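Thanks for coming. I will go through a few local features of one chain, and the sequence and structure are coming up now.

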Amino acid sequence: MSAILASTVLASESTGQVSEGLGYGVTALYIVSFSLFIYGLMGLTGPKTAVRGNWIAATGMGIAIIATLLSVYNNAGDAGVPTVNWVLIAIGLVVGVALGIPPALKTKMTAMPQLVALFNGVGGGTVALIAWAEYIEYDGFTQVPHEPNVAVIVGSLFAAIIGSISFWGSLVAFAKLQELLNKNLEKKLVAAAKLFQLANVVLAIVAVAVAVVIGVKASSTNATGWYWIVILLVVAGLMGLFVVFPIGGADMPVVISLLNALTGLSAAAAGLALNNQAMIVAGMIVGASGSILTMLMAKAMNRSIPAIIFGSFGGGDAAAAGAAGAAGGTVKATSAADAAIQMAYANQVVVVPGYGLAVAQAQHTVKEMADLLEDKGVEVKYAIHPVAGRMPGHMNVLLAEADVPYDSMKEMDDINGEFSRTDVTIVIGANDVTNPAARNDPSSPIHGMPILNVDQSRSVIVLKRSMSSGYAGIDNPLFTAEQTSMLFGDAKKSVSEVIEELKAL
């Protein structure tokens with residue numbers, strides 16, 4: 001979605017002034033590109049069509065860029081249009097390609113949320129810079145290129161505020177997910193949530209006041225100084241930092257999705273100000289899809305958006321919270337041999353993948369284990385929680401990469417009724433999404449969050465490196481339940497050992 005913004009940013013103010021002939025061709029190309037964007041997004045609904053959907057959307061992106069360049073070329077001779085510097089445009093395209101392709105190729109699936117946050121921040125920052133450039137070029141919005149002035153002024157100021165918030169907030173989200181922040185510092189930031197919220201109220205008032213001053217001055221053709229737009233961008237940037245600083249790791253995926261939606265809305269507002277249909281449509285696509293994803297993720301966690309922004313959880317002392325025996329039970333360790341025997345003589349085994357599987361890159365090994373079990377007549381299914389991993393669809397993509405049949409991947413609502421009939425459930429690196437406290441303990445911070453009913457299985461094997469907790473930073477009673485045994489170690493290595501034992505049976 002951020003890439004859609006990147007292509008439309010090139011459009012600037014070109015589409016509103018193109019001459020007939022080529023202008024109609026440009027409009028037709030934009031319509032084709034928007035159609036491909038939407039059709040491509042439809043393909044992202046499942047692993048089988050996701051790759052094709054990406055290629056379709058990328059084709060639409062290429063068409064949008066070509067249409068924009070044609071529009072700029074067609075405008076170059078119009079009176080009042082600044083001379084086009086094709087060298088700068090070429091440099092911009094080359095730099096964008098050079099900075100975009102290598103991270104996309106080298107980034108592992110485990111780090112994909114960080115990449116999404118970073119690319120989304122670039123989109124928001126670009127929109128903010130466009131608003132700044134428009135303010136300077138048109139003398140504080142007093143000499144706008146088209147009517148009505150209200151759309152230009154309000155659209156630009158909205159884009160400046162929201163774009164700056166999205167840029168700086170996305171950078172903080174990237175730093176948190178990439179674990180660039182000191183752990184002690186991060187805990188202090190989460191603990192100071194109330195102070196940040198109060199500061200944001202003050203900053204919001206200041207931002208609105210500055211925007212009103214700029215708007216009033218522009219309406220009276222009495223431009224404000226250049227520093228007013230800088231003040232607005234700085235204040236909005238601080239809001240972006242202060243919004244994300246106190247949000248814990250458990251809520252970070254939702255925050256990234258929300259920032260993505262804000263970037264789209266800011267791009268649409270900039271398109272309105274520039275009278276550019278390309279930016280309006282693309283921005284609304286990003287804003288709408290990001291908003292829908294945010295609501296779905298919040299629903300999957302049984303939390304409202306305000307609760308996430310103003311009452312986040314996670315980021316506490318995970319080691320202390322997840323200490324062995326903290327739930328009042330006894331931790332029972334098991335071996336690869338015992339785990340293999342349990343699964344080999346089961347009728348049904350359910351695999352519950354989590355972020356630990358992604359970190360260990362164990363998806364191919366898990367598929368090999370499942371193949372061996374199926375050869376022995378064991379039915380194997382995969383239980384996928386909506387927010388397992390660090391983003392929706394994370395586990396689906398990893399398993400699809402290992403050629404796990406899509407029909408074997410069961411969503412939470414479809415698989416929960418199966419656990420009571422399951423002989424063995426093997427949990428690989430999942431924490432909060434299997435925590436029965438969400439269902440049984442009203443005092444738990446995740447109470448009410450829909451979970452996978454793993455604890456209803458006859459036997460549970462949990463693969464983890466240690467007893468540390470998940471994003472929410474709370475203990476999981478499942479780990480000390482009577483029917484649960486723990487197989488400690490790296491997930492890939494542990495599954496490989498189970499495979500060797502299965503082969504020996």
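Leaving aside neighbours within four places in sequence, which residues is Ser485 in contact with? Before I answer, please keep in mind that this is a predicted model. The contacts of Ser485 outside that sequence window are Lys332, Thr334, Gln342, Val460, Ile461 and Val462. As for its place, Ser485 belongs to strand S6, which covers residues 484–488. Its relative accessible area is 11%, and because the cut-off for buried is under 20%, Ser485 is classed as buried.

Next, helix H9. It runs over residues 227–244, which is 18 residues. From the first C-alpha to the last it reaches 26 Å, close to the 26 Å expected at 1.5 Å a residue. Which of its residues are buried? They are Ile229, Leu232, Leu233, Val235, Ala236, Gly237, Met239, Gly240, Leu241 and Val244. On the spacing in that list, a general reminder: an α-helix has 3.6 residues a turn, so residues three or four places apart point the same way. And what do the buried residues of H9 pack against? Four helices are involved: H5 (112–137), H6 (149–177), H8 (193–219) and H10 (252–274).

Now to the surface. Leu22, Ile66, Leu70, Tyr73 and Trp86 make a nonpolar patch of about 480 Å². Helix H3, residues 47–75, gives the most to this patch, with 3 residues. Leu70 is found in H3 and has a relative accessible area of 30%, so partly exposed is its class.

Last, the backbone. In general, most residues other than glycine have a negative phi. Two residues here are worth pointing out on that account. Gln361 is not a glycine, yet its phi is positive, near 55°. Where is Gln361? It sits in the loop between helix H15 (355–360) and helix H16 (363–375). Its relative accessibility is 26%, so Gln361 counts as partly exposed.

The other is Asp403, again a residue that is not a glycine, with a positive phi of about 65°. Asp403 lies in the loop that connects helix H17 (394–401) and strand S3 (409–411). Is Asp403 buried or exposed? Its relative accessible area is 60%, and therefore Asp403 is exposed.

To recap the single residues: Ser485 is buried in the sense I gave, Leu70 and Gln361 are partly exposed, and Asp403 is exposed. That is my list; I will take questions.

How values were computed: Residues numbered from 1 in each chain as written. Predicted model: local features only at pLDDT ≥ 70, side-chain atom pairs only at ≥ 80, totals over all residues. Heavy atoms only, no water. Helix = DSSP H or I, 4+ residues; strand = E, 2+ residues; numbered from the N terminus. Expected span 1.5 Å × (residues − 1). Buried < 20%, exposed > 50% of the residue type's maximum accessible area, 1.4 Å probe, protein only. Contact = heavy atoms within 4.5 Å. Patch = residues over 30% accessible without salt bridge, like charges linked within 9 Å, V, L, I, M, F, W, Y side chains within 5 Å. Areas by Shrake-Rupley, 256 points an atom, 1.4 Å probe, with all protein chains shown as cover. Salt bridge = Lys/Arg side-chain N within 4 Å of Asp/Glu carboxyl O.
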